[in-house]
Amino acid sequence: WHQSLSTEGFASGQRILQALDEELGPKLIFSDGTESIFLADLSGDGTVTAKGIYLNLFGDVSSGVVLAIDSSVPSDLLIDGTATSAAAITLNSANQTLEISPTGSLTINAAQSVTGGFIQLDGGTLTDSFGVSLGTTGQINGSGTVAANLSGTGKVSSSPAQIAALV
């Protein structure tokens with residue numbers, strides 16, 4: 001672990017034993033050498049970035065957190081609980097997928113632009129009171145609810161059910 005020193009960078013690394021009580025820190029649930037699953041509450045004003053394969057966020061993510069998806073490799077950020085992003089999530093590459101599960105609900109507190117990449121609805125809800133703009137290659141696919149004004153020239157497709165766009 002490296003403590004943040006703000007604009008001065010980070011302190012020297014420290015080894016910390018894992019807390020047995022999940023109220024005191026992340027709880028390792030599973031690890032097989034290729035992936036690890038932790039339980040943790042996310043709050044504050046940092047950034048959570050999905051890079052490579054899936055980052056699955058269960059539970060609640062508070063409104064100070066910024067959600068991000070890496071574009072250098074195929075990356076999928078799956079919202080499986082209730083999440084609020086303090087900023088728009090950059091979706092400008094075919095490598096980026098923002099996915100919202102049937103039990104997922106994502107609120108974005110800024111105008112969302114999808115100039116590349118995908119928003120995949122698996123039955124959940126995307127809310128953005130500032131609106132969602134789809135560039136030529138931007139896409140919203142699947143089934144679920146988009147509670148936002150939609151604009152642009154991108155593609156909206158639904159299967160097997162339909163996307164309920166609340167405008």
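This is a short walk through the nonpolar core of a predicted model and the strands around it.

I'll start with the core itself. The largest one has 25 residues. Those with the most contacts inside it are Leu 67, Leu 77, Ile 79, Leu 98, Leu 106, Ile 119 and Leu 126. Several strands give two or more residues to this core, among them E6 at 66-69, E7 at 75-79, E9 at 96-100 and E10 at 105-108. The largest share comes from E12, with 3 residues.

Take Leu 106 as one example. Setting aside neighbours within four places in sequence, Leu 106 is in contact with Leu 67, Ile 79, Ala 83, Ser 85, Ile 89, Leu 98, Ile 100, Thr 125, Leu 126 and Thr 127.

Now strand E7. Of its 5 residues, 5 are buried. Ser 75, Leu 77 and Ile 79 point one way from the strand, while Asp 76 and Leu 78 point the other way.

Which strands pair with E7? Strand E4, residues 53-57, is joined to E7 by 5 bridges, and the two run parallel. Within that pairing, Asn 56 stands opposite Leu 78. E9 is also joined to E7 by 5 bridges, again parallel. There, Ser 75 stands opposite Gln 96.

Last, a residue in E9, namely Thr 97. Is Thr 97 buried or exposed? Its relative accessibility is 17%, and the cut-off for buried is under 20%, so Thr 97 counts as buried. Beyond neighbours within four places in sequence, Thr 97 is in contact with Ser 75, Asp 76 and Leu 77, and also with Ile 69, Phe 118 and Gln 120.

Methods
Residues numbered from 1 in each chain as written. Predicted model: local features only at pLDDT ≥ 70, side-chain atom pairs only at ≥ 80, totals over all residues. Heavy atoms only, no water. Core = buried A, V, L, I, M, F, W, Y, C linked by side-chain atoms within 4.5 Å. Buried < 20%, exposed > 50% of the residue type's maximum accessible area, 1.4 Å probe, protein only. Helix = DSSP H or I, 4+ residues; strand = E, 2+ residues; numbered from the N terminus. Contact = heavy atoms within 4.5 Å. Pairing = 2+ DSSP bridges.
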